[in-house]
Amino acid sequence: GAVMCCCGPCAMYRRSALLLLLDQYETQLFRGKPSDFGEDRHLTILMLKAGLRTEYVPDAIAATIVPDRLGPYLRQQLRWARSTFRDTLLALRLLPSLDRYLTLDVVGQNLGPLLLALSVLAGLAQFALTGTVPWSAVLMIASMTIIRCSVAAFRARQLRFLG
């Protein structure tokens, strides 16, 4: 009954729910300034804050345009990361009332990139200073990846998430 981001191309909403939240959605602000990124995640958070349900439909099919070059892809990922961090701040009060897995997923989405960055920096520093392979950093990154994929595979009951 709770998905943290109903992705734009796959999302469908009840008209009554949209009308209820339209003013808040159209006047999206962050730190007092208008914000126009992450609108799908923002609308999902507004729905959850209003006490509405958001559902995942595994067999939904949609077509969308995706970046085919590295530059646009990196800009997309940065935009998505900003909206994830921003809207997590908006959703912190919601987390205790949501599914435990969803809370774990939100924490992982926000702490994971920070731990990954720290592991990479520590590994690079070790390599630069000692000339040795940073096995601890490699193990940390591999462990984070395996745990995240295993939890997703278990929750979805689909082994493809291990890939």
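**Exercise 1.** Which side chain does a polar contact of 3.3 Å join to that of Arg 41? Place Arg 41 in its helix and list its contacts.

*Solution.* The model is predicted: local features need pLDDT of at least 70, side-chain atom pairs count only at pLDDT 80 or more, and totals for chains, interfaces and linings use all residues. Residues are numbered from 1 along each chain as its sequence is written, and side-chain values use heavy atoms, with hydrogens and water left out.

Step 1. The partner is Thr 84, at 3.3 Å. A polar contact is a pair of N or O atoms within 3.5 Å; within protein, one must be able to donate a hydrogen and the other to accept it, and residues adjacent in sequence count only if both atoms are side-chain atoms.

Step 2. Arg 41 belongs to helix H2, residues 39-49. Helices (H or I, at least four residues) are DSSP runs, numbered from the N terminus.

Step 3. Arg 41 counts as buried because its relative accessibility is 12%; buried means under 20% relative accessible area, exposed over 50%, partly exposed in between (1.4 Å probe, protein chains only).

Step 4. Leaving out residues up to four places away in sequence, Arg 41 touches Met 4, Cys 5, Ser 83, Thr 84, Asp 87 and Gln 109. Contact means heavy atoms within 4.5 Å.

**Exercise 2.** How many of the eleven residues of H2 are buried, and which helices do they pack against?

*Solution.* Step 1. Eight are buried, among them His 42, Ile 45 and Leu 48.

Step 2. These buried residues pack against helix H1 (15-26), H3 and H4.

Step 3. From the H3 side, take Asp 87, which lies in that helix. Asp 87 counts as buried because its relative accessibility is 1%. Its contacts, not counting residues up to four places away in sequence, are Gly 38, Arg 41, His 42 and Ile 45. The C-alpha atoms of Asp 87 and Ile 45 are 7.3 Å apart, with their positions 42 residues apart along the chain.

**Exercise 3.** Where does H4 bend, and what covers its buried residues?

*Solution.* Step 1. The bend is at Leu 111, by about 30 degrees, and Pro 113 follows within four residues. The bend at a residue is the angle between axes fitted to the seven residues ending there and the seven starting there.

Step 2. The buried residues of H4 include Leu 102, Asp 105 and Gly 123. Their cover includes helix H3 (70-91) and helix H5 (135-156).

Step 3. Just after H4, Gly 131 has a positive phi of about 75 degrees.

Definitions and conventions. Helices (H or I, at least four residues) and strands (E, at least two) are DSSP runs, numbered from the N terminus.
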